[in-house]
Amino acid sequence: MDNRLTPILASLICAVLLVPSVEAEENAQARARNLAQANILIDTHIDVPYRISEKWEDVTRATEKGEFDLPRARAGGLDVPFMSIYTPAEMEAEGGSFQLANQLIDMVEAMVARAPDAAVIVRTAAEAEAAFRAGKLGLALGMENGSPLDHDIANVGYFRDRGISYITLTHSLSNQLSDSSYDKNRPLQGLSDFGREVVREMNRVGIMIDISHVSDQAFFQVLEISRVPVIASHSSARHYTPGFERNMSDEMIVALAEHGGVIQINFGSSFLTNEAREWSDEFYDKLEVFQEAGDFDEQDVEVAAFTKDYRKEKPFPFATLSDVLDHFDHVVKLVGIDYVGIGSDFDGVGDSLPVDLKDVSAFPALVEGLLGRGYSEQDITKIMGGNLLRVWRQVGEFTAL
Ligand SMILES: [Zn+2]
């Protein structure tokens, strides 16, 4: 700006240009906040139980670390977070995943016991809506990795009784149910016989099938077997990360939508942009070499120091809110507004969240971004939770037939 401008001229420019735009921005912010508060907002993947199993904090109060706690959920308008009941892939061989899954569910029950006026566990779409109307946070349970089923079909019903609403068939390695997108070995060529049986049993008892993490082959086999729509609880569009099987290809998104399912967009930067994806691939390759050379564990201080130095030398290319919005746009362009939602992966993707979406209090920024891209309020409520509720309801109704 030219410093020779007279104060009068400067204030005139302010009045004409600046003030209205500030006002418009404030209006958009207020509108987004209201939308987030007034409508049910569901996030199908938050890894807080595992986070507090490693380093306990009372998340019913404000916490300094992590990306989820009750006050921040309230500030962000989040109503139904799916608590991830995650067990590491290595436990498939080592054992102990049934035990850990039960303990993590206990931890979610303990959260509710500490804040019974503020939170409740929800097991169905109707219960989620009732919690929302009552002004309570509805904690839903999603099991990430089918390993805790322990080769016993009766455990599907058992975990349904404990409140599990979806099961992600596998995690980062092939397991008793399915091959994994992260595992270069494909021993099952998709699903195992037990995996097929589990998909049918999940239909029968009313648990949503989550195809995030499975191989492409397994995904298409699930679609052939399941008689109800399935979800991807935390996956993004492979269109932006070519070759990254953990995200969904256009062909898969179309097939998912044809079956009435929904893709819940993951916010991790390496799920969103190729630049962050390549950074992560290179980093994890080098980390693996470092860990093997020194025989270090993930939790060792040496690993933390290696990570810190690496990031200092080569800063992580964080994605932006705009990148997140691109994924929503892409899915909507491909299959329409009815098949996409939110599966942030908060507390699950380390320090890799986009600049403007760092924790659960940031949902209004996402809503504002969607408004800015021209989505109607009705469309935004579908993304926020309407689409997921539709699938959840359908899965529940099927079991009641
Ligand atoms: Zn995951």
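## A tour from helix 12 to the zinc site

Begin by selecting Lys286, which counts as partly exposed because its relative accessibility is 40%. The model in the viewer is a predicted one. Add Glu282, which at 31% relative accessibility is also classed as partly exposed. Lys286 and Glu282 form a salt bridge, with their closest N and O atoms 3.1 Å apart. Both residues belong to helix 12 (residues 274–294), where a spacing of four residues separates them by about one helical turn.

**Domains**

Next, colour the chain by domain: domain 1 covers 24–272 + 318–400, and domain 2 covers 274–316. The C-alpha centres of domain 1 and domain 2 are 27 Å apart. In the contact, 11 residues come from domain 1 and seven residues from domain 2. Between them, the two domains bury about 730 Å², and carbon and sulfur atoms give 50% of that area. Select Ser270, Phe318 and Asp351 together: these residues supply 49% of the area that domain 1 buries against domain 2, more than any other three residues.

Keep Asp351 selected and add Arg311; their side chains meet in a salt bridge at 3.5 Å, N to O. The count of salt bridges between domain 1 and domain 2 is one. Five residue pairs are in polar contact across this interface, both residues of each pair being at pLDDT 80 or more. Now show helix 11 (residues 269–272), which with three residues gives the most to the side of domain 1 that touches domain 2.

**Buried salt bridges**

The structure holds 20 salt bridges. For another of these, select Arg72 and Asp359, whose side chains meet at 3.0 Å, N to O. Arg72 lies in helix 3 (residues 70–76) and Asp359 in the loop between strand 9 (340–342) and helix 15 (363–372), so this pair ties together parts that are 287 residues apart in sequence. Arg72 and Asp359 are both buried.

Move to Glu57 and Arg51, which form a salt bridge at 2.8 Å, N to O. Glu57 and Arg51 are likewise both buried. Adding Asp347 completes the selection: salt bridges with shared partners join Arg51, Glu57 and Asp347 into one network.

**The zinc site**

Finally, centre the view on the zinc ion. Which residues coordinate the zinc ion? Glu144 (OE), His213 (NE2) and His234 (NE2) do so, at 2.0 to 2.3 Å. Along the chain, these donors follow the spacing E-x68-H-x20-H. His213 is in the loop between strand 6 (208–210) and helix 9 (216–225), while His234, 21 residues apart from His213, is in the loop between strand 7 (231–232) and helix 10 (250–258). Both histidines, His213 and His234, are buried.

Key: Residues numbered from 1 in each chain as written. Predicted model: local features only at pLDDT ≥ 70, side-chain atom pairs only at ≥ 80, totals over all residues. Heavy atoms only, no water. Donors = N, O, S within 2.8 Å, 3.2 Å for Na, K, Ca; no water. Helix = DSSP H or I, 4+ residues; strand = E, 2+ residues; numbered from the N terminus. Buried < 20%, exposed > 50% of the residue type's maximum accessible area, 1.4 Å probe, protein only. Domains from an automatic or database assignment. Contact = heavy atoms within 4.5 Å. Buried area = accessible area lost by both parts, 1.4 Å probe. Salt bridge = Lys/Arg side-chain N within 4 Å of Asp/Glu carboxyl O. Polar contact = N/O pair within 3.5 Å; in protein donor to acceptor, adjacent residues only side chain to side chain.
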